[in-house]
Amino acid sequence: MSSEASLASKWTRPDDFIKLQRLKQKKKQLAARVSNNNNCKRPTLQLDETDKSKLLEAKLAQKRKNPFAKSTGDAKKLRVEAEVQVQPAVTASSCFVRETPTRPPAAKLVLQKFDAQAFAKLLQQPYAEEEDDAALAAQQKHTAHLPVDWCLKTRARFFCPTELPAVQLKTSQLASGLTSFVRCIDTQQSESTLDISDATRFNQCTYYWQHPHLPWLTLFPRNSKENIGVTVGERERKALAEEWDYSFRGLFQLLRARQCPYFYVCANSFTVLFRAAGIGGRPESHALVTPSTRGMRVALRQEGIEFTMPLKSEASGGDGSFTEESTSSSTLDAQEEASVPPPPPTGEGDDDDDDEAWLESLGVDERELRRIQSSHARKQQAAEMREDFSDNSLLLIDGVECQGFFSYLLNAKSAISNVGRLAGVPPTLLSPVAFPKATMQHLVPRSKKVRLDGVDYFSIDIKGLILPTFLPSVAELLCETRQMFSSTLASSNNTLAFTKASQKVLESPEAPQADGKEGTTADQVFGEQNLSECGLLPAVVGSICRTGQHAVGLLERVCYQRGEGYAWS
């Protein structure tokens, strides 16, 4: 035991070792101070309390030296030597500026003569900004009525210096707005006990009908990222297809009977807008399809469905014009290769068989004929596919052909995709009025108060699927109750072609032109009368049936002031 105790006493504990090290460091520091004091024989000064406090503050304010910093002693010496060598003479001209030639300056300050024009431009900069604002204001179009925008909107925001309709509804307001929407009641003209407040009328404008409705899927836009990884079983696909078939048939019959003004069919690869007779001055029901592909157009031709492409550029021309050009170019190529004189002039009704027989009579072999035919087919196919999936590929199907197109959509396999996002889910049907198996949807508005340029504004923000008749309905309400308001809108890019095509059709020479001060036509009057029972307000029906200038337009910003009308861009 004694040996173990002696061994334990020889070992040093860690705490004791650290104390010894600290003690040695303190001794070394004390010795260094003493040696410094002995070497530096300076006269002792009598310091008062203020001097001691100043020295203490200077010591505390002194920055601790960074041990990892680069030594700058040599650089300071070189800089001091350069200052001594280059010492400019002080003259009357240089008495205001002293140059330090330590390092060449990045840019010299040069005094120039006074330029009156530059000074005037500097003073006119605020006015130039005002002129830009005036130029932008001049680009806006001013009309007494609000144009209709046929593209689907994804967001709308309203601003007004006075308070907008309330979003937090009372029980009577919510019930009256819902009842008036479902029963298509105009509370301003009908004698009923429903609430007729601004909040009730605004709530009535925020409803629409949709089929199918699957809460766990985003059915517009159909390319949403939330739809990735969603699978639908075979049994569910069959049930959805049967329900959609019945719903689509009932909705189209409502359109033909003019009980529904319009509706949308949103598929994965295309969108269709069906409109009733009387809208836009069209005497018959019609459909707009965007975008289209060469395969779809070929399938429609095979079904005997005629269509036009109002947005197709004139440079590309139609299918027939391209066929004639390509045929003539291939014939000229064959002439150059065979070194034969040109053929005699023939009539316009010659077929390709006659051309082939003529080439065979010139001695062109079958292999060369096949090459000419294949190159001709490739050129024609490339020309047809040049504008696929663009706004210029929009199709207009009018009159009796619209019934055939309805049958085509019912039986087309391309309407319901079997792969990709929403595989097996039928296209989305959207309508402002009720139809079989439809689900009523509601836009949720959010109100807040914003401050712009020192002025407080009341704002209502709406996100979701917004139909074309929503903005005219809200504008009609605000025009009656507010002196001024403005609105900003965000559009769905896939449906912009609907508005562009409607504008192009109304501007065509065949379109009915408005006469008189009110700018109405006979087709517009008959259209409004025929659609009087479609379920929309009379003012909204008049706006979608309007013809003439500025009846349709792409709307991104709308401003209204009582007595001046609408300004939109």
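H550 sits in the loop between helix 18 (538–544) and strand 13. In this predicted model, phi of H550 is near 60°, a positive value in a residue other than glycine. H550 counts as partly exposed, at 25% relative accessibility. That value lies above the 20% limit under which a residue is called buried.

C184 is another such case. Its phi is near 55°, again positive in a residue other than glycine. C184 belongs to the loop between helix 7 (171–182) and helix 8 (198–204). At 40% relative accessibility, C184 is partly exposed.

**Backbone features in loops**

Two cis peptide bonds also deserve a look. One joins H211 and P212, with omega about -5°. P212 is placed in the loop between strand 3 (207–211) and helix 9 (234–256). The other runs from T290 to P291, with omega near -15°. P291 lies in the loop between strand 6 (286–290) and helix 10 (294–302).

| Site | Backbone angle | Loop |
|---|---|---|
| C184 | phi near 55° | helix 7 (171–182) to helix 8 (198–204) |
| H550 | phi near 60° | helix 18 (538–544) to strand 13 |
| H211 to P212 | omega about -5° | P212: strand 3 (207–211) to helix 9 (234–256) |
| T290 to P291 | omega near -15° | P291: strand 6 (286–290) to helix 10 (294–302) |

**The whole protein**

The protein has 18 helices and 14 strands. Of its 569 residues, 36% are buried. The accessible surface comes to about 37000 Å². Carbon and sulfur atoms account for 53% of that surface. Consider contacts between residues at least 6 apart in sequence: 75% of them join residues at least 24 apart.

**The sheet**

Strand 13 leads from the H550 loop into an open sheet of 7 strands. Their order is 1-14-13-12-2-11-10, and the pairing is antiparallel. Strand 1 (141–143) and strand 10 (445–452) stand at the edges. Each has a single partner strand, so one side of each is left without a neighbour in the sheet. From one strand to the next, the twist averages 20°. In general, strands of a sheet pair through backbone hydrogen bonds.

The individual pairings can be followed along the order. Strand 13 (residues 557–561) and strand 14 (residues 565–568) share 4 bridges in the antiparallel sense. Here C559 has A567 of strand 14 as its bridge partner. Strand 2 is joined to strand 12 by 6 bridges, running antiparallel. F158 stands opposite S487 in strand 12. On strand 2's pairing with strand 11, there are 7 bridges, also antiparallel. F159 has S459 of strand 11 as its bridge partner.

Helix 15 lies across strand 2 (153–160), strand 11, strand 12 (484–491), strand 13 and strand 14. Its direction makes an angle of about 170° with strand 12.

**Nonpolar cores**

Which residues touch the most other members of the largest nonpolar core? They are W150, F248, Y264, F274 and F405, in a core of 93 residues. Helix 15 (residues 470–481) gives the most to this core, with 7 residues. The helix lying across the sheet is thus also the main contributor to the core. A second, separate core has 7 residues, including L214, L219, L240 and V425.

F405 shows how one core residue is surrounded. Leaving aside neighbours within four places in sequence, F405 is in contact with V272, F274, A287, V289, L300, I305 and I397. F274 appears in that list and is itself among the residues that touch the most other core members.

**Two buried sites**

D461 is found in strand 11 (residues 455–466). Is its side chain's setting buried or exposed? D461 is buried, because its relative accessible area of 10% is under the 20% limit. The side chain of D461 makes a polar contact with the side chain of R155 at 2.7 Å. Beyond neighbours within four places in sequence, D461 is in contact with R155, A156, R157, V444, P445 and R446.

G527 lies in helix 17 (residues 522–530). Its relative accessible area is 2%, so G527 is buried. Neighbours within four places aside, G527 is in contact with G278 and C545. G527 and G281 are 246 residues apart in sequence, yet their C-alpha atoms are 7.3 Å apart in space.

Definitions and conventions
Residues numbered from 1 in each chain as written. Predicted model: local features only at pLDDT ≥ 70, side-chain atom pairs only at ≥ 80, totals over all residues. Heavy atoms only, no water. Helix = DSSP H or I, 4+ residues; strand = E, 2+ residues; numbered from the N terminus. Buried < 20%, exposed > 50% of the residue type's maximum accessible area, 1.4 Å probe, protein only. Contact = heavy atoms within 4.5 Å. Areas by Shrake-Rupley, 256 points an atom, 1.4 Å probe, with all protein chains shown as cover. Core = buried A, V, L, I, M, F, W, Y, C linked by side-chain atoms within 4.5 Å. Polar contact = N/O pair within 3.5 Å; in protein donor to acceptor, adjacent residues only side chain to side chain. Pairing = 2+ DSSP bridges. Axes fitted to C-alpha atoms, helices over the stretch in contact; angles between N-to-C directions.
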